[in-house]
Amino acid sequence: MRCPKCGTDDDRVMDSRGVRDGAAIRRRRECLKCGHRFTTYEEIDRDEVIVVKRDGSRQSFDRSKVDKAIRRACGKRPVSDEQIRTMIDNVVANLESGEVPADKIAELVMEELHKVDEVAYVRFASVYRQFTDVAQFLSAITEIVRK
């Protein structure tokens, strides 16, 4: 692992522990050249998941895109980093290898957001469902209140 400070790939692992219910391993490392300490995470590399977009194009699944979307929806909301990582893990765990429609991923994200923060859910839904007027926002909010 390359040191983020000096770029040397000579380090030692000082501590390892499972995180996110065993879905990843957190390793605390120390660079043997400059002494800088840093943290890395390792997780299982899943079989290839191909996302089928609305326009029919295909691309490899990118976990960071789900992370970015959830973090944007949860911006300035009382949602912890641990809750966000758990939501991302749950979305990824529900994906099957092969081709997955982008709509399915968005629905999984909305399910997770709905469990954690309803405002974040409405934020995400407004972008995903492309709300164009206030009536659509009211409809989404009414749906939340009914549940």
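Buried here means under 20% relative accessible area, and exposed means over 50%. Everything in these close-ups comes from a predicted model.

**View 1. Helix H2 and its buried residues.** Helix H2 runs over residues 81-93. In this helix, Ile84, Met87, Ile88, Asp89, Val91 and Val92 are buried. Those residues pack against H1 and H3. As for length, H2 has 13 residues and reaches 18 Å from its first C-alpha to its last, close to the 18 Å expected at 1.5 Å a residue.

**View 2. Asp89, a buried residue of H2.** Look along helix H2 and you'll come across Asp89. Is this residue buried or exposed? Asp89 counts as buried because its relative accessibility is 14%, and the cut-off is under 20%. Leaving aside residues up to four places away in sequence, Asp89 touches Arg20, Ala23 and Arg63.

**View 3. Helix H3 and what it packs against.** Helix H3 covers residues 102-116. Its buried residues are Ile105, Ala106, Leu108, Val109, Met110, Glu112 and Leu113. What do they pack against? The list takes in S4, H1, H2, H4 and strand S6 (98-101). The helix has 15 residues, so at 1.5 Å a residue it should span 21 Å, and the 22 Å between its end C-alpha atoms agrees with that.

**View 4. The largest nonpolar core.** Nonpolar side chains tend to be buried together in soluble globular proteins. Here the largest nonpolar core has 29 residues, and the ones touching the most other members are Ile70, Cys74, Leu113 and Phe124. Strand S4 (49-52) supplies at least two residues of this core, and so does each of H1, H2, H3, H4 and helix H5 (134-146). Zoom in on Leu113: not counting residues up to four places away in sequence, its contacts are Ile70, Ala73, Cys74, Met87, Glu118, Ala120, Tyr121 and Phe124.

**View 5. The largest pocket.** This pocket has a volume of about 650 Å³. Its lining is made up of 21 residues, and Lys53, Ala69, Ala106, Phe124 and Tyr128 lie nearest the centre. Which elements each supply at least two residues of that lining? They are strand S5 (58-60) along with three helices, H1 (63-73), H3 and H4 (118-128). Sorted by class, the lining has 12 nonpolar, seven charged and two polar residues. Two residues to pick out link this view with earlier ones: Ala106 is one of those nearest the pocket centre and is also among the buried residues of H3. Phe124, another of those nearest the centre, is one of the core members with the most contacts to other members.

**View 6. His114 and its neighbours.** His114 belongs to helix H3. Skipping residues up to four places away in sequence, it touches Tyr121, Ile144 and Lys147. Tyr121 turns up among the contacts of Leu113 as well. For a sense of scale, the C-alpha atoms of His114 and Ala125 are separated by 10.0 Å, with the two residues 11 apart along the chain.

**View 7. Two loop residues with positive phi.** Lys76 is in the loop between H1 and H2. Its phi is positive, about 60 degrees, even though it isn't a glycine. Is Lys76 exposed or buried? Exposed, because its relative accessible area is 87%. The other example is Gln130, which is in the loop between H4 and H5 and has a positive phi near 55 degrees, again in a residue other than glycine. Gln130 also counts as exposed, at 51% relative accessibility. Its contacts, not counting residues up to four places away in sequence, are Arg54, Ala125 and Gln136. Between the C-alpha atoms of Gln130 and Phe61 the separation is 22 Å, and these two residues are 69 apart along the chain.

**View 8. Gly22, between two strands.** Gly22 is found in the loop that joins strand S1 (11-19) and strand S2 (24-31). With a relative accessibility of 59%, this glycine counts as exposed. From Gly22 to Val66 it's 20 Å, C-alpha to C-alpha, and 44 residues in sequence.

Technical notes. Residues numbered from 1 in each chain as written. Predicted model: local features only at pLDDT ≥ 70, side-chain atom pairs only at ≥ 80, totals over all residues. Heavy atoms only, no water. 1 Å grid on protein atoms, 1.4 Å probe; cavity = no way out; pocket = protein on both sides within 12 Å on 5 of 7 lines; lining within 4 Å. Points joined across faces, edges and corners; volume = space filled by probe spheres on them. Helix = DSSP H or I, 4+ residues; strand = E, 2+ residues; numbered from the N terminus. Nonpolar A, V, L, I, M, F, W, Y, C, P; charged D, E, K, R; others polar. Core = buried A, V, L, I, M, F, W, Y, C linked by side-chain atoms within 4.5 Å. Buried < 20%, exposed > 50% of the residue type's maximum accessible area, 1.4 Å probe, protein only. Contact = heavy atoms within 4.5 Å. Expected span 1.5 Å × (residues − 1).
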